[in-house]
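Colleague: I have a model open and some questions about it. Can you walk me through the contacts?

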Number of protein chains: 2
Amino acid sequence: MARVVSLKNSPAAREARGREELVEVAVELFARNGFAGTSIRDIADAVGRSVSNVYHYFENKEALWLAILERSVKALPGRLRGAIDGVSEPRTRIAALVREHLDVSEQYRRESRIFFIDEERLSASGNKANKRIQREILTIYVAELEGLRAVGLLADGDIRITAFNMLGVINWYLRWSKPSAGQAKREQTVDQVLAFILRGTGSEK
Amino acid sequence: MARVVSLKNSPAAREARGREELVEVAVELFARNGFAGTSIRDIADAVGRSVSNVYHYFENKEALWLAILERSVKALPGRLRGAIDGVSEPRTRIAALVREHLDVSEQYRRESRIFFIDEERLSASGNKANKRIQREILTIYVAELEGLRAVGLLADGDIRITAFNMLGVINWYLRWSKPSAGQAKREQTVDQVLAFILRGTGSEK
DNA sequence: CCAATTATAGAACGATCGTTCTAGACAGCT
DNA sequence: AGCTGTCTAGAACGATCGTTCTATAATTGG
């Protein structure tokens, strides 16, 4: 047998792998059964390790939760800003923003579910981090809508409410879209969601 | 002291009152902490009665849950149909449908939250009842959108997706609208949500 | 007013929860 | 090879879970 020396087998790398595997199955279980409905034993069994092993990597259940938040939701504002960076036409910016948001939601489908479901159920620290991110996202949307209004392309009304409505459509997308859909079908669906946000149900008048 | 003889003090009435009070606080706790996050003891303590008293009125925790479903969500399809009954103009029908839906959601705010949060977490029977109602609601929306399309007032695309988008806006309304808002403010908000559904973000063009 | 039913409380059950403790297996380094 | 720190398992802890049991108080119907 050949002696295989892994390039990445430093203590730090092993630690990272041990954590990653736990986070991976925790996401799955939290998304399916919620925070209170998922036990440390469930998670340990799912990775085929012991309960105390989980505690070796994470201080407690909530730290595991926060690790999930860390690797997914926290990146959302940055990705949204990146998607509109450099685009100047307001309508194009809105479209790029929505498309990127739908894309990220799709990518972190389970994570997104978790944070919508157990939004207000965590300790002060977790809750605060979650709330802060949501406020950040809202700010991005409000700014874009103000840009749209500046060029007379936004209907009258409270901009925040319009932002909430957009977010409603986008976040609800996670509930009904099929993860199994093919690429072509998915693009078509995203197009229609975007069309709804821009023009609602109406064709012309 | 005057001897007060209640008009409604039959065993059946007492039973109903005993149940009602439990359902009332269960709604509050389930909405705040979720199904798994709420214990029978929490509920018993909140009504100031004993744990076994809860079991006197409800077979188990899930039966209590189903009682909540019974008194709120189950009535939704009927109320939606009632709101559009007799209205002929398709646009007016859609508006009436959305307004009624927002109204009912507001009225059963906590109940709605519960069933969005713990949607897929219950036993077969509870889950099935919940799913059936949601399918019924979707059917109502699809039918209305078909009516709109028949007169050329609906943009192209899959009608079901448009229905989902509408439901996203409506259901998300629960997340951000303030229950404390006054009547005038609320009507104004509802107007804007409806306007978004009909025309999206765009003014004209 | 008394028997029968209903409402309630309190203790207890086994299961499971999050968490901790103890101790052995394994790795990396000298 | 032997030491040092990381990784892992298993048992155990007290708390709490949903649920049941037993018994007492309250209420109703005759």
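**Salt bridges, interface and DNA**

Modeller: Starting with a salt bridge: A:R81 pairs with A:E136, and the closest N and O atoms are 3.3 Å apart. The two ends come from distant parts of the chain, A:R81 in helix α5 (residues 76-84) and A:E136 in helix α8 of chain A, 55 residues apart. Keep in mind that this is a predicted model.

Colleague: Is A:R81 buried or exposed?

Modeller: A:R81 is partly exposed, at 41% relative accessible area. A:E136 also counts as partly exposed, at 26%.

Colleague: How many salt bridges does the structure hold over all chains?

Modeller: The count over all chains is 30.

Colleague: Which residue forms a salt bridge with B:R71?

Modeller: That is B:E111, with the closest N and O atoms 3.0 Å apart. B:R71 sits in helix α4 (residues 61-71) of chain B and B:E111 in helix α7 (residues 109-117) of chain B, so the bridge ties together parts 40 residues apart in sequence. B:R71 is partly exposed, with a relative accessible area of 25%, while B:E111 is buried at 2%.

Colleague: And what does B:E144 meet in a salt bridge?

Modeller: B:R93, at 2.8 Å from N to O. B:E144 belongs to helix α8 (residues 124-150) of chain B and B:R93 to helix α6 (residues 90-107) of chain B, 51 residues apart. B:E144 is buried, with 7% relative accessible area.

Colleague: Which residues do salt bridges with shared partners join into one network?

Modeller: The network consists of A:E20, A:E24, A:E28, A:R32, A:R71, A:R110 and A:E111.

Colleague: Changing topic. How many salt bridges does the rule find across the interface of chain A and chain B?

Modeller: Zero. Polar contacts do occur there: 14 residue pairs, with both residues at pLDDT 80 or more.

Colleague: Which elements of chain A give two or more residues to the side that touches chain B?

Modeller: They are α1, α7 (109-117), α8 (124-150), α9 (159-176) and α10 (183-199). The largest share comes from α9(A), with 12 residues. By class, that side of chain A has 19 nonpolar, 15 polar and 10 charged residues.

Colleague: How much area do the two chains bury between them?

Modeller: About 3,800 Å², of which 55% is on carbon and sulfur atoms. In residue terms, 44 of chain A are in contact with 44 of chain B.

Colleague: Now the DNA. Which residues come nearest to DNA strand D?

Modeller: A:S50, A:S52, A:H56, A:Y57 and B:K61, out of 23 residues around the strand. On the DNA side, sugar and phosphate make up 56% of the strand D atoms within 4 Å of the protein.

Colleague: What does A:Y57 do there, at the atom level?

Modeller: A polar side-chain atom of A:Y57 is 2.6 Å from a phosphate oxygen of strand D. For A:S50, a backbone N or O atom is 2.6 Å from a phosphate oxygen of strand D. A:R41 goes to a base instead: an N or O atom in the A:R41 side chain is 3.3 Å from a base nitrogen of strand D.

Colleague: Which element gives the most to the surface near strand D?

Modeller: α3(A), with four residues. The whole surface near strand D divides into six nonpolar, 10 polar and seven charged residues.

Colleague: And which residues are closest to DNA strand C?

Modeller: A:K61, B:S50, B:S52, B:H56 and B:Y57, among the 20 that surround strand C. Sugar or phosphate accounts for 53% of the strand C atoms within 4 Å of the protein, and bases for the rest.

Colleague: Where does B:R41 reach on strand C?

Modeller: A base nitrogen, which lies 3.3 Å from a polar side-chain atom of B:R41. A backbone N or O atom of B:S50 is 2.5 Å from a phosphate oxygen of strand C. Chain A takes part too, with a polar backbone atom of A:T38 at 3.2 Å from a phosphate oxygen of strand C.

Colleague: Last one: why is A:E106 classed as buried?

Modeller: Because the relative accessible area of A:E106 is 14%, and the cut-off for buried is under 20%. A:E106 lies in helix α6 (residues 90-107) of chain A. Beyond its neighbours within four places in sequence, A:E106 is in contact with A:Y173, A:L174, A:S177, A:K178, A:P179 and A:R186.

Notes
Residues are numbered from 1 along each chain as its sequence is written. Chains are lettered from A and ligands numbered from 1 in the order in which they are written. This is a predicted model: local features need pLDDT of at least 70, side-chain atom pairs count only at pLDDT 80 or more; totals for chains, interfaces and linings use all residues. Side-chain values use heavy atoms; hydrogens and water are left out. A residue is near a molecule or strand if one of its heavy atoms lies within 4 Å of it. A polar contact is a pair of N or O atoms within 3.5 Å; within protein, one must be able to donate a hydrogen and the other to accept it, and residues adjacent in sequence count only if both atoms are side-chain atoms. Ala, Val, Leu, Ile, Met, Phe, Trp, Tyr, Cys and Pro count as nonpolar, Asp, Glu, Lys and Arg as charged, and the others, Gly among them, as polar. Buried means under 20% relative accessible area, exposed over 50%, partly exposed in between (1.4 Å probe, protein chains only). Contact means heavy atoms within 4.5 Å. Buried area is the accessible area (1.4 Å probe) that two parts lose on being put together, summed over both. A salt bridge is a side-chain nitrogen of Lys or Arg within 4 Å of a carboxyl oxygen of Asp or Glu.
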